[in-house]
Amino acid sequence: MGSFKVKLIKKFINNIDLAIETGTCFGNGTRQMARLFHKVITIELDETLHNETRQKLENEGYNNIQFLQGDSGVLIEHLSR
Ligand SMILES: C[S@@+](CC[C@H](N)C(=O)[O-])C[C@H]1O[C@@H](n2cnc3c(N)ncnc32)[C@H](O)[C@@H]1O
């Protein structure tokens, strides 16, 4: 996620404390959002990417990210805090 997007998010973040990301991929966006939001839920369809990125970001010390594996179009309906 580029610095422009980070600036844009900061401008509109206000009292929002939860971010939901569809497509964890390599975790670059996830990492940025974990620094901006109290909690991040990130959903990845690909099982290998899900496992590897979760391991990587947990090793980096991020403990405010919930990693879900599956189709976000399906899982998003079942999310709860
Ligand atoms: C362009 S990357 C996401 C980039 C990432 N959000 C970032 O900011 O760096 C797209 C990712 O979305 C995942 N993806 C595609 N369809 C999906 C779906 N329906 N549910 C969850 N993940 C999906 C792909 O497997 C891929 O890892």
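# Core, strands and ligand shell of a predicted model

Reader: Which residues make up the largest nonpolar core?
Author: This is a predicted model. In general, nonpolar side chains of soluble globular proteins tend to be buried together. Here the largest nonpolar core holds 9 residues in all: Ala19, Met33, Ala34, Val40, Ile41, Ile43, Leu57, Ile65 and Phe67.

Reader: Which element supplies the largest share of this core?
Author: At least two residues of the core come from each of H2, S2 and strand S3 (65-69). S2 is itself mostly covered, with 5 of its 6 residues buried. The largest share of the core, 3 residues, comes from S2.

Reader: Which side chains of S1 point to the buried face?
Author: In a regular strand, side chains alternate between the two faces of the sheet. Such alternation is present along S1, where Leu18, Ile20 and Thr22 point to one face and are not buried. The side chains that point to the other face and are buried belong to Ala19 and Glu21.

Reader: In what sense do S1 and S2 pair, parallel or antiparallel?
Author: Two residue pairs place the strands side by side: alanine 19 stands opposite valine 40 in S2, and threonine 22 stands opposite isoleucine 43 in S2. The chain crosses from S1 through H2 to S2 in a right-handed β-α-β crossover. Over 5 bridges, the sense of the S1 and S2 pairing is parallel.

Reader: Which residue of S3 is the bridge partner of glutamate 44?
Author: S2 and S3 pair over 5 bridges in the parallel sense. Together with H3, these two strands make a right-handed β-α-β unit. The bridge partner of glutamate 44 in S3 is glutamine 69.

Reader: Is arginine 54 buried or exposed?
Author: Arginine 54 has its place in helix H3 (residues 47-59). Its C-alpha atom is separated by 25 Å from that of phenylalanine 4, which is 50 residues away along the chain. Because 21 other C-beta atoms lie within 10 Å, and 20 or more are needed for the buried class, arginine 54 is buried.

Reader: How many residues of helix H1 are buried?
Author: Helix H1 covers residues 3-12, which are 10 residues. Just after H1, asparagine 14 takes a positive phi of about 40 degrees. Helix H1 lies largely in the open, because the number of its residues that are buried is 0.

Reader: Which residues does leucine 57 contact, leaving aside its neighbours within four places in sequence?
Author: Leucine 57 is one of the residues of the largest nonpolar core. With its neighbours within four places in sequence set aside, leucine 57 is in contact with Gly27, Thr30, Arg31, Tyr62 and Ile65.

Reader: How do the residues of the shell around the ligand divide into nonpolar, polar and charged?
Author: There are 15 residues around the ligand, and Gly23, Cys25, Gly29, Leu45 and Ser72 come nearest. Strand S1 (18-22), helix H2 (28-36), strand S2 (39-44) and helix H4 (72-75) each supply at least two residues of this shell. The shell divides into 5 nonpolar, 6 polar and 4 charged.

Reader: What is the phi of cysteine 25?
Author: Cysteine 25 is found in the loop between S1 and H2. It counts as partly exposed because it has 15 C-beta neighbours inside 10 Å. Most residues other than glycine have a negative phi. Although cysteine 25 is not a glycine, its phi is positive, at about 50 degrees.

Methods
Residues are numbered from 1 along each chain as its sequence is written. This is a predicted model: local features need pLDDT of at least 70, side-chain atom pairs count only at pLDDT 80 or more; totals for chains, interfaces and linings use all residues. A residue is near a molecule or strand if its C-beta atom, placed from the backbone, lies within 6 Å of it. Helices (H or I, at least four residues) and strands (E, at least two) are DSSP runs, numbered from the N terminus. Ala, Val, Leu, Ile, Met, Phe, Trp, Tyr, Cys and Pro count as nonpolar, Asp, Glu, Lys and Arg as charged, and the others, Gly among them, as polar. A residue is buried if 20 or more other C-beta atoms lie within 10 Å of its own, exposed if 12 or fewer, and partly exposed in between; C-beta atoms are placed from the backbone. A nonpolar core is a set of buried Ala, Val, Leu, Ile, Met, Phe, Trp, Tyr and Cys residues joined through C-beta atoms within 7 Å. Two residues are in contact if their C-beta atoms, placed from the backbone, lie within 7 Å. Two strands pair if DSSP finds at least two bridges between them. A crossover is right-handed if, with the strands pointing away from the viewer, the path from the first strand over the helix to the second runs clockwise.
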